[in-house]
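Open the structure in your viewer and keep the sequence panel visible. The stops below say what to select and what is there.

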Amino acid sequence: MTVETFSSDFIARLRHSRGVDLETASQNDLYSALAWTVRKNLIDRWLETKKTQAAQKAKVVAYLSAEYLLGAQLNNMLLASGLEQTARDAMASLGLDFDKLASVEVEPGLGNGGLGRLAACFVDSLATLDIPAIGYGIRYQHGIFRQTFVDGRQAEQPDNWLELGSPWELPHPEASVTVRFGGSVAHATSATGEDVATWTPSWEVEAVPYNYLVPGYGTANVNSLRLWSARATQSFDLQIFNSGDYEAAVRAQTFAENISQVLYPEDSTPQGKELRLQQQYFFVAASLRDMIEQVGTSLDALRTLPERVVFQLNDTHPVIAIPELMRLLVDEYSVAWDEAWDITRSVFNYTCHTLLPEALEVWPVELLGRLLPRHMEIIFRINDDFIAELREQRPHDELLVRRMSIIQEQPLRAVRMAHLATIGSTKVNGVAALHSELLKDKVLVDFSNLWPGKFTNVTNGVTPRRFVKLANPGLSSLIDEAIGTGWVKDLSELRQLEPLAEDAEFRARFRDVKYANKVRFAKVLQERDGIEVSPDAIFDVMVKRLHEYKRQMLKLLHVVSLYDRVLKGDFDPTTLTKRVVLFGAKAAPGYLMAKEIIALINAVGKTINSDPRLDGRLRIAFPANYNVTLAEKLIPAADVSEQISLAGKEASGTGNMKFALNGALTIGTLDGANVEIRELVGEDNFFLFGLTEPEVEQLQSAGYQSAKYYESNPALRGAIDLIASGAFSNGDRSAFERVVSDLLWHDRFLVLADFESYIEAQSTLESAYADQDAWSRAAVLNVARSGFFSSDRSIRDYLDRIWHAPAVPLR
Ligand code: Z2T
């Protein structure tokens with residue numbers, strides 16, 4: 001496509017779809033027309049992909065995820081269509097500023113953090129690897145909230161990403177699927193003696209599919225993401241209209257549409273809200289129906305399901321799919337229970353993303369039974385069969401039965417979704433080597449004893465397209481020049497950079513790229529947040545959801561203790577290496593401790609940033625509303641990546657991978673994928689500190705007392721006392737009492753126990769930074785040795801270990 005045809009297409013779009021011309025167009029008109037012009041160039045490939053995949057009856061990977069944290073679409077679509085320069089030139093030829101237009105896009109933030117972003121990376125890699133795949137999820141009207149700070153405290157505004165419409169979605173209301181809820185179940189016995197259940201639901205909603213293109217990179221393949229939006233069904237309305245109650249009918253619509261209104265903003269600690277269970281069933285029921293109809297609903301076709309589709313359950317959120325498939329097979333298509341169970345177990349696989357006990361979803365039997373009475377019965381029967389089998393294999397162990405049952409009795413009768421998932425799946429995987437081990441040996445140990453072959457690991461990965469090629473054009477060009485362009489599709493090629501770590505000229509160029517990225521980010525921060533940072537400082541970055549286990553408090557105590565020592569005249573601030581500590585973090589709105597910590601970070605920042613005694617050598621920058629768009633600018637600019645969770649708590653982490661790939665050095669614990677990062681990049685190129693997971697276990701079972709660490713470490717005591725003294729709260733000693741007393745008397749995540757080790761590692765880091773050339777060498781090696789963390793590799797592992805779905809390249 002030439003610049004001229006792009007331009008004339010663009011103008012035509014503007015006129016025919018938006019009804020405006022260049023002179024009268026708004027920024028949104030221009031952005032939409034630009035997006036459509038780009039999209040048009042991918043549609044033929046998309047249609048061709050669907051046709052090819054259907055013709056071959058290829059096995060499809062159906063990824064079921066309640067979250068997709070996609071990030072901005074325009075640049076990724078341009079990359080995939082190879083039209084980046086054409087689009088830029090076309091806009092310029094029309095006197096338009098491409099970057100300004102691109103900034104009109106509101107990113108679809110349909111996820112909380114790691115889990116949702118992982119799903120987005122995975123669909124990208126599936127498309128790039130030519131795997132027939134579809135991502136199923138929810139088209140939330142409101143994605144993750146917009147965060148602002150009011151007097152340093154987090155406030156939440158609804159995200160309204162659809163306000164101006166989205167040019168990337170293709171709605172298909174005519175292909176809607178009805179999803180039913182509530183009511184009751186009647187039973188009869190068939191002529192052959194089988195139980196026949198008839199579910200009479202009491203209400204229903206319609207699931208409207210919205211398709212999104214998921215273009216592969218360097219391939220013609222374009223897959224789909226299908227997100228469901230809720231609306232009232234005709235009959236639902238009619239019923240009420242006929243009763244003459246107009247208001248009630250309109251209310252009913254609102255009620256139905258409620259289901260896809262809002263993303264629940266909890267990362268790792270879900271609230272057991274009824275609407276959330278409705279969301280889960282809503283998208284899962286629609287997706288299964290959609291998939292099964294593609295395969296066919298005759299008995300013969302249904303029997304081929306395991307060859308035609310594999311469903312990956314992204315954590316427990318979609319696990320209601322297991323009883324739903326049983327219901328479809330048994331109740332709707334009259335498959336015998338045992339055969340239906342064989343089919344079901346062979347099409348589902350489950351990925352667990354956590355180790356935190358409070359993050360394991362359970363649904364009260366009362367609630368699930370009321371919302372989905374037939375599913376509750378099916379779950380009971382699955383459980384009965386499972387327990388019978390268990391009693392046979394492990395006789396006289398009723399404690400084991402109680403531990404493994406799908407139904408928990410105490411403190412409330414509830415369905416343990418992780419157990420249902422494990423029992424109903426072929427494979428269960430964790431998301432990093434350490435996590436998968438702990439999953440096997442701790443969280444699901446009884447299941448791994450019973451079925452050792454069921455458990456496997458697939459270490460997470462990130463897409464190099466978005467997080468290197470697009471986010472870091474400077475580094476990308478440098479790599480291209482050194483080793484060619486193949487790395488974007490085969491990230492293991494980065495290994496070829498290793499010898500260049502010894503090349504002084506390459507290191508200098510690498511340093512220049514990093515510096516330019518820091519300048520670029522400083523400008524973004526100035527414009528976006530009015531925050532000033534100097535690119536000559538170390539950019540020390542901790543960006544991730546705010547959670548106690550991730551230990552933003554540990555990072556903050558490091559800063560406060562430095563400040564305290566300066567105040568006490570303990571050391572000369574001019575000997576400090578200039579450092580900006582960058583935080584980015586959203587707290588779940590109901591997570592009060594997390595919100596206190598945010599307020600404290602901002603309070604400390606306000607004080608130290610304006611204290612002349614620090615001579616501007618230590619600053620905190622905490623831009624509000626950290627999101628994918630900001631990450632793409634920040635990560636390439638980072639010198640230091642903070643991955644400091646308590647060992648055994650972070651399942652994997654994926655930010656850690658993005659930083660290493662962009663040449664930041666990690667300071668971190670042996671947790672999640674940090675373990676693998678350190679092994680790969682080399683221990684000399686990673687700042688390790690902290691307790692190991694077995695040491696954590698030991699310390700906690702011996703009776704951990706954090707106050708002892710406070711008593712015995714003057715720097716730690718100084719930092720905590722300074723916070724408690726009101727130094728960051730205008731003398732108000734009660735302001736951060738909750739945080740302080742939690743650290744002293746509970747400290748569930750051993751912040752105080754790891755403080756000393758962390759401070760030591762920070763001073764090692766600071767000395768290392770002083771030798772810029774050695775630092776660059778380590779940074780280059782981080783890039784060269786992190787190719788393993790491509791999500792393409794993760795997807796290949798899923799294919800080999802779990803999915804066994806062959807690629808279907810287009811001709
Ligand atoms: C989430 O983002 C993660 C785990 C969850 O467990 C839930 C959510 Cl929303 C239920 C994260 C993990 O905390 C992180 O370690 C991991 O890298 C990421 O999922 C992707 O696996």
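Start by selecting H746, which sits in the loop between α31 (737-745) and α32. The model is a predicted one. Is H746 buried or exposed? H746 counts as exposed, because 11 other C-beta atoms lie within 10 Å. Now add Q705 to the selection: Q705 and H746 are 41 residues apart along the chain, yet their C-alpha atoms are separated by 7.7 Å.

Stay in this loop and select L750, which also lies between α31 and α32. L750 is not a glycine, but its phi is positive, about 55°. Most residues other than glycine have a negative phi. L750 has 23 C-beta neighbours inside 10 Å and therefore counts as buried, whereas H746 in the loop between α31 and α32 is exposed.

Next, select helix α32 (residues 751-770) together with helix α23 (residues 552-567). Two packed helices are described by the angle between their axes and the distance between the axes. For α23 and α32 the angle is about 60° and the axes are 10 Å apart. The two helices are therefore oblique to each other. The crossing of α23 past α32 is right-handed. To see the contact, show the side chains of M553, L554, L557, H558 and S561 on α23, and of V751, D754, F755, Y758, I759 and Q762 on α32. How many of the residues in this contact are nonpolar, polar and charged? Seven are nonpolar, three are polar and one is charged.

For a second helix pair, select α6 (residues 114-128) and α34 (residues 791-803). Their axes come within 9 Å and cross at roughly 75°. That angle is why α6 is described as roughly perpendicular to α34. From α6, the residues to show are C121, F122, D124, S125, L126 and T128; from α34, they are S791, D792, S794 and I795. Colour this contact by residue type: four residues are nonpolar, four are polar and two are charged.

Move on to helix α18 (residues 433-443). Which residues of α18 are buried? They are L434, H435, S436, L439, K440 and V443. An α-helix has 3.6 residues a turn, so residues three or four places apart point the same way. To see what surrounds the buried residues of α18, select β18 (428-430), α19 (445-450), β19 (455-457) and α27 (674-681), against which they pack.

Two backbone details come next. Select Q410 and P411: the peptide bond from Q410 to P411 is cis, with omega near -5°. Most peptide bonds are trans. P411 is in the loop between β16 (407-408) and β17 (414-416). Then select S268, in the loop between α8 (246-257) and α9 (274-295). S268 has a positive phi of about 75° although it is not a glycine. With 24 other C-beta atoms within 10 Å, S268 is buried.

Finally, clear the selection and view the whole chain. Its secondary structure comes to 34 helices and 25 strands. The radius of gyration is 27 Å, close to the 28 Å that the globule rule gives for 811 residues, so the chain is as compact as a globular protein of that length. Along its principal axes, the C-alpha trace spans about 90 × 75 × 60 Å. Buried residues make up 51% of the chain. Of the contacts with a separation of 6 or more, 76% join residues 24 or more positions apart.

Technical notes
Residues are numbered from 1 along each chain as its sequence is written. This is a predicted model: local features need pLDDT of at least 70, side-chain atom pairs count only at pLDDT 80 or more; totals for chains, interfaces and linings use all residues. Axes are lines fitted to C-alpha atoms, for helices over the stretch in contact, and angles run from 0 to 180 degrees between N-to-C directions. Helices (H or I, at least four residues) and strands (E, at least two) are DSSP runs, numbered from the N terminus. Angles under 35 degrees count as roughly parallel, over 145 as roughly antiparallel, 65 to 115 as roughly perpendicular and the rest as oblique. A crossing is left-handed if the near helix is turned anticlockwise from the far one by less than a right angle, and right-handed if clockwise. Two residues are in contact if their C-beta atoms, placed from the backbone, lie within 7 Å. Ala, Val, Leu, Ile, Met, Phe, Trp, Tyr, Cys and Pro count as nonpolar, Asp, Glu, Lys and Arg as charged, and the others, Gly among them, as polar. A residue is buried if 20 or more other C-beta atoms lie within 10 Å of its own, exposed if 12 or fewer, and partly exposed in between; C-beta atoms are placed from the backbone. The radius of gyration is taken over C-alpha atoms; the globule rule is 2.2 Å times the number of residues to the power 0.38.
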